[in-house]
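The exercises below are meant to be worked with the sequence and the coordinates side by side. Each task is followed by a solution that proceeds step by step.

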Amino acid sequence: MAITIKSKIVVIGAGNVGEAIGYTLMLRRQASDIVLVDLNENRAKGSALDIAHGTAFSRQSRIRMGGYEECADAEAIIITAGVARKPGQTRLDLAKTNVGIIRSITENIMRYADNPLIVVVSNPVDISTYIVQQTSGLPANRVIGTGTSLDTARFRYLLSEACKVDVCDINAYILGEHGDSQVAIWSSASVAGEPILDFITRNRIVLNQETIAQKAKDSGAKVISLKGATFYGIAMCTSRIVEALLTDENSILPVGHVLEPKFGPLADVSISLPCVLNRSGIARVMRIPLNDQEMAALEASAKTLRDFMASVLND
């Protein structure tokens with residue numbers, strides 16, 4: 001994605017994830033003006049300076065610390081802020097804490113921004129995406145969660161390693177929740193157009209579907225156990241979503257947004273499906289082939305999220 005004249009991207013949250021996203025946006029030349037916003041102004045200023053010092057080795061762009069007023073003319077706003085899970089803290093307690101933070105951030109954004117494009121990264125991302133959409137009052141297609149886009153990238157990576165082919169030649173999705181109930185879609189997975197199960201059989205590749213799907217699901221936890229946090233993968237993922245949006249690509253990515261009633265058992269919850277992304281946000285949702293087992297699992301994932309969201313929002 002080439003930098004457009006006076007293009008601005010605002011990143012809310014300058015922690016590890018926000019900083020990595022800011023760095024990736026600069027490195028991939030995705031904006032002329034990148035603004036980091038954080039309650040800890042020293043952290044935001046330090047992160048911006050650190051990234052800015054590297055612009056001498058890339059195309060010139062401006063990276064700086066700023067406030068919510070910068071959202072007024074931003075082409076995209078990325079929300080990464082939130083607290084990390086503490087030892088002994090339940091997932092529910094963490095979600096309740098972060099929901100309050102996300103509501104406050106959204107209210108601050110909407111004080112200045114008119115019909116913005118918002119990309120939500122903060123975990124639990126599916127709940128956060130729902131809260132941002134409901135709090136902002138924006139059309140659902142303008143509030144986009146990173147959802148299972150990173151899970152899908154991990155899935156494709158694992159399949160490419162097992163099949164010994166370029167990851168770019170793997171077409172496969174993980175859909176549903178960004179979490180335990182996510183669904184690996186095998187029925188339409190392919191290698192260079194050939195169904196992956198046929199490819200595996202023809203090439204006598206030993207591959208256990210459940211093991212691969214579980215590894216994809218556990219990848220984030222594995223990274224956290226080894227180095228304490230994940231941020232490079234999600235930074236690349238977020239950068240790719242922003243690129244698809246701002247360059248009007250009509251690219252298909254598995255992202256989350258609050259689904260309409262026409263989606264039946266998947267409605268009124270933010271889960272990930274393959275979506276066409278362009279400057280309008282989510283232009284449409286793709287209905288890819290799913291077998292009965294996958295459809296049932298996707299509906300179960302939506303119910304899991306809906307039940308969890310009810311618990312989170314229950315005062």
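**Exercise 1. Describe how helices α5 and α7 pack in this predicted model.**

Solution. Begin with the axes: those of helix α5 (residues 149-163) and helix α7 (residues 209-227) come within 9 Å and cross at roughly 130°. Angles over 145 degrees would count as roughly antiparallel and those from 65 to 115 as roughly perpendicular, so α5 is oblique to α7. Next comes the hand, and the crossing of α5 and α7 is right-handed. Then list the residues that meet: α5 contributes Asp-151, Arg-154, Phe-155, Leu-158 and Leu-159, while α7 contributes Ile-212, Lys-215, Ala-216, Ser-219 and Gly-220. Sorted by character, the residues of this contact between α5 and α7 comprise five nonpolar, two polar and three charged.

**Exercise 2. Identify what is unusual in the backbone at Asn-123 to Pro-124, at Arg-204 and at Asp-268, and place each site in the fold.**

Solution. The background for this exercise is that most residues other than glycine have a negative phi, and most peptide bonds are trans.

- Step one: the peptide bond from Asn-123 to Pro-124 is cis, with omega near -5°, and Pro-124 belongs to the loop between β5 (118-120) and α4 (125-136).
- Step two: Arg-204, although not a glycine, has a positive phi of about 55°; this residue sits in the loop between α6 (196-202) and α7, where Arg-204 is exposed, with a relative accessible area of 76%.
- Step three: Asp-268, likewise not a glycine, has a positive phi of about 60° and is found in the loop between β10 (251-258) and β11 (270-278), but with a relative accessible area of 43% Asp-268 is classed as partly exposed.

**Exercise 3. Determine which helix gives the most residues to the largest nonpolar core, and trace the neighbours of Ile-241.**

Solution. First establish the core itself: the largest one has 78 residues, and those with the most contacts inside it are Ile-12, Ile-77, Ile-78, Ile-109, Ile-241 and Leu-277. Helix α8 (residues 232-246) gives the most to this core, namely eight residues. Now take Ile-241 and set aside residues up to four places away in sequence; Ile-241 then touches Val-119, Ile-144, Thr-146, Ser-149, Leu-253, Val-255 and Leu-277. Finally, a second, separate core of 19 residues should be noted, which includes Leu-158, Ala-184, Trp-186 and Val-191. Leu-158 also links back to the opening exercise, being one of the α5 residues that meet α7.

Technical notes: Residues numbered from 1 in each chain as written. Predicted model: local features only at pLDDT ≥ 70, side-chain atom pairs only at ≥ 80, totals over all residues. Heavy atoms only, no water. Axes fitted to C-alpha atoms, helices over the stretch in contact; angles between N-to-C directions. Helix = DSSP H or I, 4+ residues; strand = E, 2+ residues; numbered from the N terminus. Parallel < 35°, antiparallel > 145°, perpendicular 65-115°, else oblique. Left-handed = near helix turned anticlockwise from the far one by under 90°. Contact = heavy atoms within 4.5 Å. Nonpolar A, V, L, I, M, F, W, Y, C, P; charged D, E, K, R; others polar. Buried < 20%, exposed > 50% of the residue type's maximum accessible area, 1.4 Å probe, protein only. Core = buried A, V, L, I, M, F, W, Y, C linked by side-chain atoms within 4.5 Å.
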